[in-house]
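Trainee: Got a minute to walk me through this one?
Mentor: Sure, pull it up and ask away.

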Amino acid sequence: MSTTARRVLIGVAVAILGAFVALTFVLPRFQPHVFSGSVIQSNDKAPRVDLQASNGETVRIADFEGEVVVLYFGYTFCPDVCPTTLSKLSKAMDLLGEKAEDVQVIMVSVDPERDTPEALAEYVEYFHPDFMGITGELSAVDRVATLYGVYYEKEEGSAATGYLVNHTATVMVIDREGYLKLVLPFEGTAEQIAADIDYFLG
Amino acid sequence: MSRKVIIRSGIPIVIIIVAAMAFAVFEPIQVLPRIRLAPGYLMTAQSGESLTSEDVRGDIVLYNFGYTSCGDICDDMNQTMQGIQARLDEVDTGDTTVRFVTVSFDPESDTPEELQAYGARLGADGEQWAFATAEPDHLANVVKAGFEAWYEQRDDGSFSFDPAFILVDGWGVIRGEYRYQTRASDTDKILHHLDILGEEIRNAHGAAGLAYEAAHFFLCYP
């Protein structure tokens, strides 16, 4: 084999190896993040929240500027959907590790008649010690739920559970600047939730 | 002029020409902005049954607002709705259903029976076009705060209101807001936007989905 032919062959081999390395190791790093939920690009800050925590203090989204807020709507008598979502959110916090310190998960009660602030705090802290529960007058809850795209409706339950509350089971993610950025479906996994929150933590 | 100078100045020109040709051949992707989250609601429809924001999740919904004893302005707006309903076969939304919801802000007078009769007068297909209203406080949260469509009852019982059409996608996100005006055809504009939305939904997965996401971030809005 002539020297020129050998050089060409080596050149081709190096090019193939280079392309392989680029495609396998380098390119995936530049892939855009694919969200598991639906992205919102509003120019306005997230809808106002004016509800009470268990210590009686009024909670507003603006209080958490600098943190990522994860908002969920549920109630303490909720038999299935809420425990599932709160468990997933708790696992997502674990997956985020130290970064979770910059995340505040808040559950808004859609059953303010039965969910006292104390019962609510006890309920959410069962899933994660840093989770927060907020509630208020039904009219205030209705406004917040409506503006976050959440429907809720009382439904007949059993004698043991009392009435149930049907409600939208999405999870809302608000970025560090206070903009509502993402709506996650109920079906998302803890890993997907953690990855999406991580994106906004930067 | 030396050959080098000609080559150096020629390359950018060639790139611009090739880019312009690619732009013309492939056409840029257009997307409707994701304006904000549409409100969640619990209303009562003309059938007497409830209509909720969860019932229409997954469907594209065009909302308008009014009341049955409203007269000309509502007739004009409903003509637009009828026009869109009649020409829906011009747009391709794939498997996604397009629905219409007319929200009445007069729950006192607009009972399900009234709404039913009103829909029948308009020749509305009840399966596709719902007429609904809700309890006044919830209605204010939904229409005024959520859809940002203002209304107010006058002393004589009639309403002054913002004649709006709102387009919401299957994820519950507002994608279009149209204020009724007579200069241009709202019907044509909304149908065009339904077509853009349909194309995005049909291409929501894989590489095409990524291209559409990029279009959102580079604000390729019509």
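**Strands, core and contact**

Mentor: Let's start with a pairing: S1(A) and S10(A) run antiparallel and are joined by 2 bridges. Keep in mind that this is a predicted model.

Trainee: OK, so which residue in S10(A) is the bridge partner of A:Ser38?
Mentor: Stay with that antiparallel pair, S1(A) and S10(A). Look across from A:Ser38 into S10(A), and the bridge partner there is A:Val183.

Trainee: S10(A) also pairs with S9(A), residues 171-174. Which residue takes a positive phi in their hairpin?
Mentor: S9(A) and S10(A) are antiparallel, with 4 bridges, and one of the partnerships is A:Ile174 with A:Leu180. The hairpin has 5 residues between the strands. The one with a positive phi, near 95°, is A:Gly178.

Trainee: How many residues of S10(A) are buried?
Mentor: Here buried means 20 or more other C-beta atoms within 10 Å of the residue's own. By that count S10(A) is mostly covered, and the number buried is 5 of its 5 residues.

Trainee: Which element gives the most to the side of chain A that touches chain B?
Mentor: The contact takes 21 residues from chain A and 25 residues from chain B. On the chain A side, S1 (38-39), H4 (138-147) and S10 (180-184) each supply at least two residues. The one that gives the most, with 6 residues, is H4(A).

Trainee: And how many residues on that side of chain A are charged?
Mentor: That side divides by type, with 10 nonpolar and 7 polar residues. The charged ones number 4.

Trainee: Which strand gives the largest share of the largest nonpolar core?
Mentor: That core has 103 residues, and A:Val70 and A:Val108 have the most contacts inside it. Beyond its neighbours within four places in sequence, A:Val108 is in contact with residues including A:Leu71, A:Phe73 and A:Ile134. The largest share, 6 residues, comes from residues 68-74 of chain A, strand S4.

Trainee: Over in chain B, which strands stand at the edges of the sheet?
Mentor: The open, mixed sheet has 8 strands in the order S1-S10-S9-S4-S5-S6-S2-S3. Two strands of chain B have a single partner strand each, so one side of each is left without a neighbour in the sheet. Those edge strands are S1 (36-37) and S3 (50-52).

Trainee: What angle does H2(B) make with S4(B)?
Mentor: H2(B), residues 72-86, packs on the sheet and touches S4, S5 and S6 of chain B. Comparing its direction with that of S4(B) gives about 165°.

Key: Residues are numbered from 1 along each chain as its sequence is written. Chains are lettered from A and ligands numbered from 1 in the order in which they are written. This is a predicted model: local features need pLDDT of at least 70, side-chain atom pairs count only at pLDDT 80 or more; totals for chains, interfaces and linings use all residues. A nonpolar core is a set of buried Ala, Val, Leu, Ile, Met, Phe, Trp, Tyr and Cys residues joined through C-beta atoms within 7 Å. A residue is buried if 20 or more other C-beta atoms lie within 10 Å of its own, exposed if 12 or fewer, and partly exposed in between; C-beta atoms are placed from the backbone. Two residues are in contact if their C-beta atoms, placed from the backbone, lie within 7 Å. Ala, Val, Leu, Ile, Met, Phe, Trp, Tyr, Cys and Pro count as nonpolar, Asp, Glu, Lys and Arg as charged, and the others, Gly among them, as polar. Two strands pair if DSSP finds at least two bridges between them. Axes are lines fitted to C-alpha atoms, for helices over the stretch in contact, and angles run from 0 to 180 degrees between N-to-C directions.
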